[in-house]
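Me: Hey, I've just opened a structure that's new to me. Can you walk me through it?

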Amino acid sequence: MGSKYRKRYTEEFKRDAIALVDSSGRTVTAVARELGISSESLRGWYRQAKADQGEGAPGELTSAEREELRRLRRENREQQQTIEILKKATAFFVKESDR
């Protein structure tokens, strides 16, 4: 079972770790072990960095695209809530005007 505590790493640390993988010729797992971090974390950072540079897998989103998608989903959720409120208000006022 995973820990509830999730360590945060600075962007500089992530960049340096990715650069170390690129420059050393070692595997992601070996570099992660040396740095004392999860190999899955480093692998994710590495994959995202490649996508941001246009070298990712086909269809993989860049960080900017992920952020925009997150923003649009949040905006869509808020608009759906607004629509539901307006529907209920409309029904209420229609009911009141019939009296």
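Reply: Sure. One term before we start: a residue is called buried when its relative accessible area is under 20%, exposed when it is over 50%, and partly exposed in between. Also keep in mind that this is a predicted model.

Me: OK, let me try that out. Is Gln48 buried or exposed?

Reply: Gln48 has a relative accessible area of 17%, which is under the 20% cut-off, so Gln48 is buried.

Me: Where does Gln48 sit?

Reply: Gln48 is in helix α3, which covers residues 39–52.

Me: And what does Gln48 touch, leaving aside its neighbours within four places in sequence?

Reply: With those set aside, Gln48 is in contact with Leu61, Thr62, Ser63 and Arg66. With Ser63 there is also a polar contact, 3.4 Å between the two side chains.

Me: Let's zoom out. How many helices and strands does the protein have?

Reply: There are four helices and zero strands. Read from the N terminus, the order is simply α-α-α-α.

Me: What's the radius of gyration, and what would a compact globule of 99 residues have?

Reply: The protein comes out at 23 Å, while a compact globule of 99 residues would be near 13 Å. As for the span, the C-alpha trace runs about 80 × 35 × 20 Å along its principal axes.

Me: How much of the protein is buried?

Reply: Buried residues are 13% of the 99 residues. The protein exposes about 8300 Å², and carbon and sulfur atoms supply 52% of that area.

Me: What about contacts between residues far along the chain, say at least 24 apart?

Reply: If you take the contacts between residues at least 6 apart in sequence, 29% of them join residues at least 24 apart.

Me: Can you give me one pair with its distance in space? How far apart are Asp16 and Glu75?

Reply: Asp16 and Glu75 are 59 residues apart in sequence, and their C-alpha atoms are 34 Å apart in space. Asp16 is found in helix α1, residues 11–24, and is partly exposed at 48% relative accessible area.

Me: Switching to charges. Why would charged side chains pair up at all?

Reply: Side chains with opposite charge can pair when their charged atoms come close. In this structure, a search of the whole model finds eight salt bridges.

Me: Which residues does the network of salt bridges link?

Reply: The network links Asp22, Lys50 and Glu55. Within that trio, Lys50 and Glu55 have their closest N and O atoms 3.4 Å apart. Lys50 has a relative accessible area of 17%, so Lys50 counts as buried.

Me: Any salt bridges in helix α4?

Reply: Yes, one of them joins Arg70 and Glu67, at 2.6 Å from N to O. Both lie in helix α4 (residues 63–97), three residues apart, about one turn of the helix. Arg70 is partly exposed at 46%, and Glu67 is partly exposed at 39%.

Me: And what does Glu84 pair with?

Reply: Glu84 forms a salt bridge with Lys87, with 3.7 Å between the closest N and O atoms. Because these two are three residues apart in helix α4, about one helical turn separates Glu84 from Lys87. Glu84 is partly exposed at 39% relative accessibility, whereas Lys87 is exposed at 51%.

Me: Last topic, the rings. How many aromatic pairs are there?

Reply: The structure holds four aromatic pairs. In one of them, the ring centres of Tyr9 and Phe13 are 5.1 Å apart and the planes are at 15 degrees, so this pair is stacked.

Me: Why does 15 degrees make it stacked?

Reply: Planes under 30 degrees apart count as stacked, and the angle between Tyr9 and Phe13 is 15 degrees, so the label fits. Tyr9 is partly exposed, with 24% relative accessible area, and Phe13 is partly exposed too, at 26%.

Me: What about Phe92 and Phe93, how are those rings arranged?

Reply: Phe92 and Phe93 are edge-to-face, with 5.3 Å centre to centre and 75 degrees between the planes. Phe92 is partly exposed at 45%, and Phe93 is exposed at 57%.

Me: Which residues form the aromatic cluster?

Reply: Tyr9, Phe13 and Trp45 form one aromatic cluster.

Note on methods
Residues are numbered from 1 along each chain as its sequence is written. This is a predicted model: local features need pLDDT of at least 70, side-chain atom pairs count only at pLDDT 80 or more; totals for chains, interfaces and linings use all residues. Side-chain values use heavy atoms; hydrogens and water are left out. Rings of Phe, Tyr and Trp (its six-membered ring) pair if their centres lie within 6.5 Å; planes under 30 degrees apart count as stacked, over 60 as edge-to-face and the rest as tilted. Buried means under 20% relative accessible area, exposed over 50%, partly exposed in between (1.4 Å probe, protein chains only). A polar contact is a pair of N or O atoms within 3.5 Å; within protein, one must be able to donate a hydrogen and the other to accept it, and residues adjacent in sequence count only if both atoms are side-chain atoms. Contact means heavy atoms within 4.5 Å. The radius of gyration is taken over C-alpha atoms; the globule rule is 2.2 Å times the number of residues to the power 0.38. Accessible areas come from the Shrake-Rupley method with a 1.4 Å probe; for residues, only the protein chains shown count as cover. A salt bridge is a side-chain nitrogen of Lys or Arg within 4 Å of a carboxyl oxygen of Asp or Glu.
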